[in-house]
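Please read the following walk through a two-chain model with the structure open beside the text. Each paragraph takes up one topic.

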Amino acid sequence: MAGRIAQISLFVVAGIIGILLVGQLRSQAPAIELSTLSAQELSQLIETVSSRNVELSDALADLREQIRSYELAEVQGQSTLDLTESELERIAAFGGLRPVEGQGVILTVAGPFDATAVNDLVYELRGAGAEAIAVDDIRITAPSVATLGTGVIEIDGTPLGPTIEIRAIGSPDGLESTLRRPGGLLTLLEQSIDAQFQIEQRTDLELPATRRDLAPQAARPVE
Amino acid sequence: MSRRLPPRRRLTRPQWAISVGLGLAVIGFVGAAQWNSSLARTEFITSAQRVLISEAEQAQRQQETLGAEIEAADERVQAFQEQDAGSQAALQALNDELAAARLAGGLDEVRGPGLVMEIADSIRPVPEGESGTPYLVLADDLRDIVTALWASGAEAITIAGGGSDRIDAERVAATTSIDGAGNAILVNEARLTPPYRIEAIGADGLLDRFLTNPTYLSRVARRIEVYGLQFAHEARDEVTLPAFIGNTRMRWGAPVSESDD
């Protein structure tokens, strides 16, 4: 009897120790929790997440509008090919497969820039909300990155000249203010690589489609 | 011939009493540590912070809900596109083109050979008087990794935070931004925290090409060595990457349709 009590007691004690140890180890893990952020960081975070939520809400509203259009066409017995065609244009433009036009900025860069500076500028414009970007006449798609080729910087196999023109479609004011913000990337590049920049707002930008073949060879869609 | 089993060992009273006593002592110690750490944590959160934390949590939950709703709505749209009542040949051609555009734009879940890597903040102690920032994974590190992967022939890339699985992974698309935000990194404006998990699909040898890529070697590899950022990688026969979830409609421009050319 005493042996049974001993076994049960040990089992219970070991169980409690295990639970407490796991709890303690988890609380010591270096996970970043919201409680570790300052009020300023939390405000920034809320602003960023909320702006993304607005984007997502817009995307959802667009999709719901499309569904309504398809439903209406179905009820009226009409073909929905034209709806699908406009959907194709939108998706192809998003991926860089179609030329696009609109308003935005032209950023002209001169000086001893390197491939990293070109990639950083593209990321800066994306962060500022650019919807489509072209460097010289090369449309930037997801895999389009500047690399150092045989002595020259190139994107998608096309060499860049000593002066480049980056065209970005997006809010002209938003793009320009992000580029010009004090302590931003342009200031940094002006100081570190002695590059010169010019920014011009435009309402008549035209960006070409990519010439790169984006059809994957190794990746296949999941049915 | 039979062998007698040895008599069963039993704990004698002093032995189990000592074990239980020791166990209770450990419980007391760990329990006190738990209590102290939870007290320390709540002590420094002001009421203003609490309100902000609650707002941030609500915004993040809303983001997750919106993501799920977009996925469901997108599936409905695709279902409509596949069952048009018009010409079957025209429909087939259009849907093939649409499928190719979706695949090229990162709007489909994809599977294939590739790699998985994880990068996390350094656990080395920051020397006195030195800034702790270089010991953290920065937005530049993720940008360089992504750039080096594309340059090495990757066909699809995702970034996830907090060691989470692919449900929270953000697919890298043509409009994807990667920016720092305090001690987190925003990818597609979704807030990710370390460790960061990057998965990519590409033809055989992707990992080897990545590890010898100049963009990786010149900045990330150097920072891993100098500051001790934690980094692990593995080639995989197959990885599955989720689709890009976000806005694909232009607000400031429009596609030039083929008939306009």
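The text below goes from chain A to the cavities, then to the aromatic pairs and some backbone details.

The model is a predicted one. Chain A has six helices and nine strands. It counts 223 residues, and 45% of them are buried. Among the contacts in chain A with a separation of 6 or more, 75% are between residues 24 or more positions apart. One residue to locate in this chain is A:Thr187, which belongs to helix α6 (residues 185–192) of chain A. A:Thr187 has a relative accessible area of 26%, so the residue is partly exposed. Its C-alpha atom is 9.7 Å from that of A:Phe197, a residue ten positions away along the chain.

Next come the cavities. The model contains three cavities of 30 Å³ or more. The largest cavity encloses about 100 Å³ of space. Its lining consists of 14 residues, and those nearest its centre are A:Tyr123, A:Arg126, A:Ala142, A:Ser144 and A:Val145. Which elements each supply at least two residues of this lining? They are α4 (115–127) of chain A and α4 of chain B. The α4 helix of chain A gives the most, with four residues. By residue type, the lining of the largest cavity has nine nonpolar, four polar and one charged.

Two of the residues nearest the centre of that cavity, A:Tyr123 and A:Arg126, also interact with each other: the charged end of A:Arg126 sits over the ring of A:Tyr123, at 5.3 Å from the ring centre. Both residues are touched by B:Ser177 from the other chain. B:Ser177 is found in the loop between β3 (170–171) and β4 (178–181) of chain B. With a relative accessible area of 6%, under the 20% limit, B:Ser177 counts as buried. Leaving out residues up to four places away in sequence, B:Ser177 touches A:Tyr123, A:Arg126 and A:Gly127 in chain A, and B:Leu186, B:Val187, B:Asn188 and B:Glu189 in chain B.

The second largest cavity has a volume of about 80 Å³. Residues from both chains line this cavity: A:Leu37, A:Glu41, A:Gln44 and A:Leu45 from chain A, and B:Ala181, B:Gly182, B:Asn183, B:Ala184 and B:Arg191 from chain B. Helix α2 (residues 39–75) of chain A gives the most to this lining, with three residues. The lining of the second largest cavity divides into four nonpolar, three polar and two charged residues.

The aromatic residues can be taken next. There are five aromatic pairs over all chains. In one of them, the ring centres of B:Tyr135 and B:Tyr227 are 5.1 Å apart and the planes stand at 75 degrees, so the pair is edge-to-face. Why does this pair tie together parts that are 92 residues apart in sequence? B:Tyr135 lies in the loop between β1 (110–120) and α4 (139–151) of chain B, whereas B:Tyr227 lies in helix α6 (residues 214–227) of chain B, and the pair therefore links these two parts. B:Tyr135 is buried, with a relative accessible area of 8%, whereas B:Tyr227 is partly exposed at 22%. Elsewhere in chain B, one aromatic cluster is formed by B:Phe210, B:Tyr216 and B:Phe231.

The last topic is the backbone. Where in chain B is a cis peptide bond found? It joins B:Pro194 and B:Pro195, with omega at about 0 degrees. B:Pro195 is in the loop between β6 (190–192) and β7 (196–202) of chain B. Some residues other than glycine have a positive phi, including A:Asp136 and B:Glu189. For A:Asp136 the value is about 55 degrees. A:Asp136 is in the loop between β2 (132–135) and β3 (138–139) of chain A, and it is partly exposed, with a relative accessible area of 24%. For B:Glu189, phi is near 65 degrees. B:Glu189 is in the loop between β5 (184–187) and β6 of chain B. Its relative accessible area is 24%, so B:Glu189 is partly exposed. B:Glu189 is also one of the residues that B:Ser177 touches.

How values were computed:
Residues numbered from 1 in each chain as written. Chains lettered and ligands numbered in written order. Predicted model: local features only at pLDDT ≥ 70, side-chain atom pairs only at ≥ 80, totals over all residues. Heavy atoms only, no water. Phe/Tyr/Trp six-rings, centres within 6.5 Å; stacked < 30°, edge-to-face > 60°. Buried < 20%, exposed > 50% of the residue type's maximum accessible area, 1.4 Å probe, protein only. Lys NZ or Arg CZ within 6 Å of the ring centre and 35° of its normal. 1 Å grid on protein atoms, 1.4 Å probe; cavity = no way out; pocket = protein on both sides within 12 Å on 5 of 7 lines; lining within 4 Å. Points joined across faces, edges and corners; volume = space filled by probe spheres on them. Nonpolar A, V, L, I, M, F, W, Y, C, P; charged D, E, K, R; others polar. Contact = heavy atoms within 4.5 Å.
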